[in-house]
Amino acid sequence: MFKKILIANRGEIASRVIRTCKSLGIATVCIYSEADKEAPHVKMADEAYGVGGPKVAESYLNIDKILEIARLSEVDAIHPGYGLLSENAEFARRCEEAGIVFIGPSADVISRMGSKIEARNIMEKAGVPVVPGIFYPLADADEAARAASRIGYPVMLKASAGGGGIGMQIVHSEAEIHKAFEGNQKRATDFFGDGAMYIEKVVENPRHIEIQILADSHGNTVYLWERECSIQRRHQKVVEEAPSTYLDELTRSKMGEAAVRAAQSIGYRNAGTIEFLVDANKNFYFLEMNTRLQVEHTITEEITGLDLVAEQLRIAAGHSLNFGQSDVKRDGHAIEVRIYAEDPKTFFPSPGTITKFAIPEGLGIRHELAVHEGSVITPFYDPMIAKLVVRGKDRDEAMDRLQEALAHYQVQGIKTNIPMLQEVIAHPAFRSGDTTTGFVSKYLRS
């Protein structure tokens, strides 16, 4: 196993990785920007080094500086967390060239799955169902309109690179596609440096369900059940749960087997997630692959009893999985909500100083925190400040625990999305399991 690793990230995921490393006796090195000097992960790590100014381009995306710190601190490996450089093929390649283990898949695999167009082609050849659409980058809005007319409106205009809903828009007519194409292409270019666009047929009122996989370098791949991530705002996940209330055991096993097939078709190694859209008839379609740990990995841990970060470290160190598919158990129900520093009415970020921070404790409650009382929320980073995770023997118990925990979650000095989360959890449609991707627009006032 590794003796020392660097966590090339910040916030709650940096703290999360450090916690597992400590339990395994692995020394940790963290990096921090000027804005994060007093962040919790800085105090938790064995060593901490400043990496640059407050903007991500000056710090957490500065590959040269991060690798310089890695060399100076003599680490064996780098854990990228999620977001930032976690799916950056150049970073993975630079780590490999420096003789430092990148805790994730190879640079080639990241690159191939980072292009949604290439990923669609690969999955179709592997026999994994994909959403009907095109398999090549569009030249311009005119070509997009011609393709859309063949597929049939409505269609989803999508950026091939990146994620988070950026460069993505549903269009219902030729006029709309001409209006939407240039703006979404520009956003994709600005955010991801890649303006390649394509279109897919819209799957009406789907569920967004993903399968967690683990794959080692010895040919073993397993799936760790599913997570339902359908409660979304602007294509970004807000509430996740495991298992899904929608899947029957046959569909669940078919999706798991398809995810394993997808991973094996590209020689995948480490933790990854295959995301699917599932329609009203339980047909499922490949959406994309996330070549990293997911924000919502916690709920998979809660129902399986596995530590996914520990498994990542073991795989990256060259060990084989010490369990097979039949050993992966499913027990209870878990729900995660993301706590954002944002105005619950406008959803604009809410920077400021947290003057009070009190979190609920109790049976079945877990916290992953990026802040503490006195933390300053800056405008430089994603506004997620914490995750609240609950587990119960069944979904009813998990929902009750979550409702109670949210009622006792106290954050003062900034605004948060907790009122919205409470509205979701209390809604009869959520309680009954009616959790499609249209939930927020259909049921919430916002």
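Let me start with a term: a residue is called buried when its relative accessible area is under 20%. Keep that cut-off in mind. One more caution before the details: this is a predicted model.

Now take arginine 252. It sits in helix α9, which spans residues 249–265. Is arginine 252 buried or exposed? Its relative accessible area is 5%. The cut-off is 20%, so arginine 252 counts as buried. What is arginine 252 in contact with, once neighbours within four places in sequence are left aside? The list is Trp225, Glu226, Pro243, Ser244, Leu247 and Arg330. Hold on to Glu226, please.

Glu226 takes us to the sheet. Glutamate 226 is in β10, and it stands opposite isoleucine 211. Strand β10 covers residues 221–233 and pairs with β9 in the antiparallel sense, over six bridges. Five residues lie between the two strands of that hairpin. One of the hairpin's residues, glycine 219, has a positive phi near 90 degrees.

Stay with β9, residues 207–215. How many of its nine residues are buried? Nine of nine. Look at the two directions. Arg207, Ile209, Ile211, Ile213 and Ala215 point one way. His208, Glu210, Gln212 and Leu214 point the other way. Both sets are buried.

On to the next pairing of β9. Nine bridges join β9 to β12, and the two run antiparallel. Glutamine 212 stands opposite threonine 273 of β12. Strand β12, residues 270–278, also pairs with β13 in the antiparallel sense, through six bridges. There, leucine 277 has tyrosine 285 of β13 as its bridge partner.

Let's step back to the whole sheet. It is open, with eight strands and antiparallel pairing. The order is β13-β12-β9-β10-β11-β14-β19-β17. Why do β13 and β17 each have one side without a neighbour in the sheet? β13 (284–290) and β17 (365–369) stand at the edges, and each has a single partner strand, so one side stays unpaired. On average, neighbouring strands here are turned by 25 degrees against each other, direction ignored.

Last stop, a pocket. The second largest one has a volume of about 400 Å³. Its lining has 28 residues. Nearest the centre are Arg10, Asp36, Val376, Ile377 and Thr378. Which elements each supply at least two lining residues? They are α2 (40–44), β18 (376–377) and β19 (384–392). β19 is also a strand of the eight-stranded sheet. By type, the lining divides into 15 nonpolar, seven polar and six charged residues.

Note on methods
Residues are numbered from 1 along each chain as its sequence is written. This is a predicted model: local features need pLDDT of at least 70, side-chain atom pairs count only at pLDDT 80 or more; totals for chains, interfaces and linings use all residues. Side-chain values use heavy atoms; hydrogens and water are left out. Two strands pair if DSSP finds at least two bridges between them. Helices (H or I, at least four residues) and strands (E, at least two) are DSSP runs, numbered from the N terminus. Axes are lines fitted to C-alpha atoms, for helices over the stretch in contact, and angles run from 0 to 180 degrees between N-to-C directions. Buried means under 20% relative accessible area, exposed over 50%, partly exposed in between (1.4 Å probe, protein chains only). Contact means heavy atoms within 4.5 Å. On a 1 Å grid over the protein atoms alone, a cavity is a set of points where a 1.4 Å probe fits but cannot get out, and a pocket is an open set with protein on both sides within 12 Å along at least five of seven lines; lining residues have an atom within 4 Å of a point. Grid points are joined across faces, edges and corners, and a volume is the space filled by probe spheres set on the points. Ala, Val, Leu, Ile, Met, Phe, Trp, Tyr, Cys and Pro count as nonpolar, Asp, Glu, Lys and Arg as charged, and the others, Gly among them, as polar.
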